[in-house]
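Please consider the following chain with attention to where its nonpolar side chains lie. The account moves from the interior to the surface.

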Amino acid sequence: MDHRLGQRVNVALPVQLRFQDQPSQLGVTVNIGRGGMFVDSLTGGNENGHGCVDIQLFFETPNGGQSLRLSAFVVHRRENGLGLMFRDLDASTWQPIGNLLSQLD
């Protein structure tokens, strides 16, 4: 059973993940939606990542490159990456991502 808060869009966007007291990890989103994302962790080490994670998401807009800082919980872990659920995501933070995804959908 799928417990997601919204539909996901398959998109590859670079991200940087930072868990407390650990070096940052690089990854690429597999999919992203209003409730969260799945990140393929390129630098590995996700077996130590649990709890909360700070995310820096990088994407292109018509006005150039942008980055966005988000916070999430790890909800599941797989060999190839992490399932993340966003924390405290308000409408103004979501808007640039929503605009990008609506262009891809």
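The paragraphs below treat the nonpolar core, one of its central members, and then a residue at the surface.

The model is predicted. Its largest nonpolar core comprises 25 residues, and among these Ile55, Leu70, Leu84 and Phe86 touch the most other members. At least two residues of this core come from each of strand E2 (14-19), strand E4 (36-41), strand E5 (52-61), E6, strand E7 (81-87) and helix H1 (91-104). In soluble globular proteins, nonpolar side chains tend to be buried together.

Phe86 illustrates the packing of this core. Beyond its neighbours within four places in sequence, Phe86 contacts Ile55 and Leu70, which are likewise listed with Phe86 among the core residues that touch the most other members. Its further contacts include the stretch Ile32, Gly33, Arg34, Gly35, Gly36 and Met37, as well as Ser71, Ala72 and Trp94.

Phe73 belongs to strand E6, which spans residues 64-78. Is Phe73 buried, partly exposed or exposed? Its relative accessible area is 35%, so Phe73 counts as partly exposed; the core, by contrast, admits only buried residues, those under 20%.

Phe73 nonetheless has contacts distant in sequence. Leaving out residues up to four places away, Phe73 touches Gly51, Cys52, Gly83, Leu84, Met85 and Arg87. Cys52 is 21 residues from Phe73 in sequence, yet their C-alpha atoms are 4.5 Å apart. Leu84, one of these contacts, is also a core member. Met85, another contact of Phe73, joins Phe73 and Val75 in a nonpolar surface patch whose accessible area is about 250 Å² together.

Conventions
Residues numbered from 1 in each chain as written. Predicted model: local features only at pLDDT ≥ 70, side-chain atom pairs only at ≥ 80, totals over all residues. Heavy atoms only, no water. Helix = DSSP H or I, 4+ residues; strand = E, 2+ residues; numbered from the N terminus. Contact = heavy atoms within 4.5 Å. Core = buried A, V, L, I, M, F, W, Y, C linked by side-chain atoms within 4.5 Å. Buried < 20%, exposed > 50% of the residue type's maximum accessible area, 1.4 Å probe, protein only. Patch = residues over 30% accessible without salt bridge, like charges linked within 9 Å, V, L, I, M, F, W, Y side chains within 5 Å. Areas by Shrake-Rupley, 256 points an atom, 1.4 Å probe, with all protein chains shown as cover. Salt bridge = Lys/Arg side-chain N within 4 Å of Asp/Glu carboxyl O.
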